[in-house]
Every structure is written in structure tokens, then in C-alpha cells.
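User: I am new to this structure and would like a close look at a single part of it, the nonpolar interior, followed by how the surroundings relate to that part. Please take it slowly and in connected prose.

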Amino acid sequence: MTKDILEVVKERRSIRSYKEDQIKEEELETILEGGIWAPSGTNEQAWHFTVIQNKELTKEISDKTKTILSKSENEYIRKLGENEKLHIFYNAPTVILISGNEKAITPMEDTSAAVQNMLLVAESLSIGTCWIGTVASLFSDPEVGNVYREKCGIPEEYKVMHSISVGYKKIENVNPPERKKNKVNYIR
Ligand SMILES: Cc1cc2nc3c(=O)[nH]c(=O)nc-3n(C[C@H](O)[C@H](O)[C@H](O)COP(=O)(O)O)c2cc1C
């Protein structure tokens, strides 16, 4: 890892176009290592990672998630579900599901910290990622959620909270969205 940490933080962008070739095993392991070294509430490390490197399954998860999104009352979400061209993981060769232990104190915070660590470690390796939140709706769906929990081996008591798509970038990082102003108040 040669990049300075702030450089990595600023350069990371959500990547939505990936090359076909799979990332190397050691790259995957380095990214996951970043995840498990995240901070966690009372050090419960309330996360579980599921690595999917099977294009048929990721396409199936994408299609089923879209079916659920298309029934949403929120117009933006509904349109995502209805978008025929959309693959929710952007055809990435690797998808990581991040599940949180619902019995832990802060599973959402723990898993979010793990996700961000992984995004940054991947960027430091020049590997593209995108945080994909929409997939959670599939795993919590009362009708098909359990089918996919079982298919993906999600452990009891864990809930899929996030996912990330991972792969070599087809398109280099685009310009960053502008930072909003006045987000810091100093009291000294
Ligand atoms: C909780 C969360 C959920 C997200 N879910 C999605 C998603 O489902 N699909 C997607 O394309 N991007 C998703 N994103 C990525 C955001 O759209 C992206 O981070 C934002 O537009 C800023 O762009 P940047 O990541 O390039 O800085 C998600 C980001 C976060 C933090």
C-alpha cells in the first residue's frame, strides 16, 4: 500500500463499471482483512461476510432485489427496480454481503465501519467498489428473504445490512461530487 490515507479517502469513488476478470485471491483477503479490523461497539465485531464469486447467483440476487424494489412506494426506489438495464451489482465479479448480528449492541454501526474500511483498502489497491444498500430489501423480504438467506448461508441471528461490489475498474474514478459547505462547527 503506497497511497497516503487521506489521498485514498479522497480518491475513492463508487465504481459502477467493472472488468470481467476476477480480482486476485490475495487482494480479496486484504480487503476482508480491512473489514475485520474495523472498530465495533464494545468490541463485539458483530459482522459476518459472505463472498459471492458466482455470476449466476449475483444476477439472480439482482433480479429478485429489483422485483422487490419495483413494488416500493418511493418513486426513486421503484424506478430503480423497473430499470431493465440495471444490474444492482453492476456485473462486478465479486460481491460481498455484510451481515450484522441483530443481538449485538451496534450491528449497523459495526458493519458500516467494516464496509468503509473495505472500500478504502480496495481503493488503496486501485480496485473498484460500490456500496450497495438496496440488497438488504431482498434478505428482509417476508416472502423470499429466507430462501436467499439459506442460499447464501447467512448465519442465524444475522441480518444482511449492506453489500459491496468489487472488481477491477473499467472506467477510472470520475470527478468527485462537490463537498457540501458549512458542515463543521468549531467550539474553542
Ligand atoms: C448506505 C449506502 C448505500 C448505498 N447504496 C447504493 C446502491 O444501492 N447503489 C449504488 O449504485 N450506490 C449506492 N451507494 C453509493 C452512493 O450513491 C455514493 O456513495 C454517493 O453517490 C457518493 O459518491 P462516491 O461514493 O463516488 O463518493 C450507497 C452508499 C451508501 C453510503
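Analyst:
**The nonpolar core and its surroundings**

The largest nonpolar core has 22 residues, and those with the most contacts inside it are Ile61, Leu97, Phe139 and Cys152. This is a predicted model, and the description that follows should be read with that in mind. Several elements feed this core, since helix H3 (55-69), strand S2 (94-101), strand S3 (127-132), helix H6 (136-139) and strand S4 each supply at least two of its residues. The largest share, three residues, comes from H3.

Leucine 97 shows how such a residue is surrounded. Leaving out residues up to four places away in sequence, leucine 97 touches His48, Phe49, Thr50, Ile52, Phe139, Cys152, Ile154, Val160, His162 and Ser163. Two of these partners, Phe139 and Cys152, are also listed with leucine 97 among the core residues that have the most contacts. A second, separate core of 19 residues includes Trp47, Ile98, Leu119 and Tyr168.

Helix H6 offers another view of the interior, through leucine 138, which has its place in that helix. Leucine 138 counts as buried because its relative accessibility is 0%, and a residue is called buried when that value is under 20%. Again setting aside residues up to four places away in sequence, leucine 138 touches Ile61, Lys64, Thr65, Ile68, Val144, Gly145 and Tyr148. Ile61 in this list is one of the residues with the most contacts inside the largest core. The C-alpha atom of leucine 138 is separated by 17 Å from that of asparagine 83, a residue 55 places away along the chain.

Lysine 169 is a charged residue that is nevertheless placed in the interior, and its position is in the segment after strand S4 (158-168). With a relative accessible area of 7%, lysine 169 is therefore buried. The side chain of lysine 169 makes a polar contact, at 2.8 Å, with the side chain of asparagine 173. Beyond residues up to four places away in sequence, lysine 169 touches Ile15, Ser17, Lys19, Glu123, Ser126, Ile127 and Gly128.

One of those partners, serine 126, sits in the loop between helix H5 (107-124) and S3. Serine 126 has a phi near 60°, a positive value in a residue other than glycine. At 42% relative accessibility, serine 126 counts as partly exposed, whereas lysine 169, which it touches, is buried.

A positive phi also appears in glutamine 45, where the angle is about 50° although the residue is not a glycine. Glutamine 45 lies in the loop between H2 and S1, and its relative accessible area of 38% makes it partly exposed. The loop between helix H2 (25-36) and strand S1 (47-52) also holds glycine 41. Apart from neighbours within four places in sequence, glycine 41 is in contact with Thr106 and Asp110. Glycine 41 and methionine 108 are 67 residues apart in sequence, while their C-alpha atoms are 9.9 Å apart in space. Tryptophan 37 has its place in the loop between H2 and S1 as well, and with 67% relative accessibility tryptophan 37 counts as exposed.

At the surface, isoleucine 187 gives a contrast to the buried residues described above. Isoleucine 187 belongs to the segment after S4 and counts as exposed because its relative accessibility is 77%. Its C-alpha atom is separated by 46 Å from that of isoleucine 23, and the two residues are 164 places apart along the chain.

The ligand remains to be placed in this picture. The residues around the ligand are Arg12, Arg13, Ser14, Arg16, Tyr90, Cys130, Trp131, Ile132, Gly133 and Thr134. By class, this shell has four nonpolar, three polar and three charged residues. Two of the arginines come with a stated distance: a polar side-chain atom of arginine 13 lies 2.9 Å from an oxygen atom of the ligand, and a polar side-chain atom of arginine 16 is likewise placed 2.9 Å from a ligand oxygen atom. On the backbone side, a polar atom of tryptophan 131 is 3.0 Å from a nitrogen atom of the ligand. Taken on its own, the ligand has 620 Å² of accessible area, and the protein covers 60% of that area.

Key
Residues numbered from 1 in each chain as written. Predicted model: local features only at pLDDT ≥ 70, side-chain atom pairs only at ≥ 80, totals over all residues. Heavy atoms only, no water. Near = heavy atom within 4 Å. Polar contact = N/O pair within 3.5 Å; in protein donor to acceptor, adjacent residues only side chain to side chain. Areas by Shrake-Rupley, 256 points an atom, 1.4 Å probe, with all protein chains shown as cover. Helix = DSSP H or I, 4+ residues; strand = E, 2+ residues; numbered from the N terminus. Buried < 20%, exposed > 50% of the residue type's maximum accessible area, 1.4 Å probe, protein only. Contact = heavy atoms within 4.5 Å. Core = buried A, V, L, I, M, F, W, Y, C linked by side-chain atoms within 4.5 Å.
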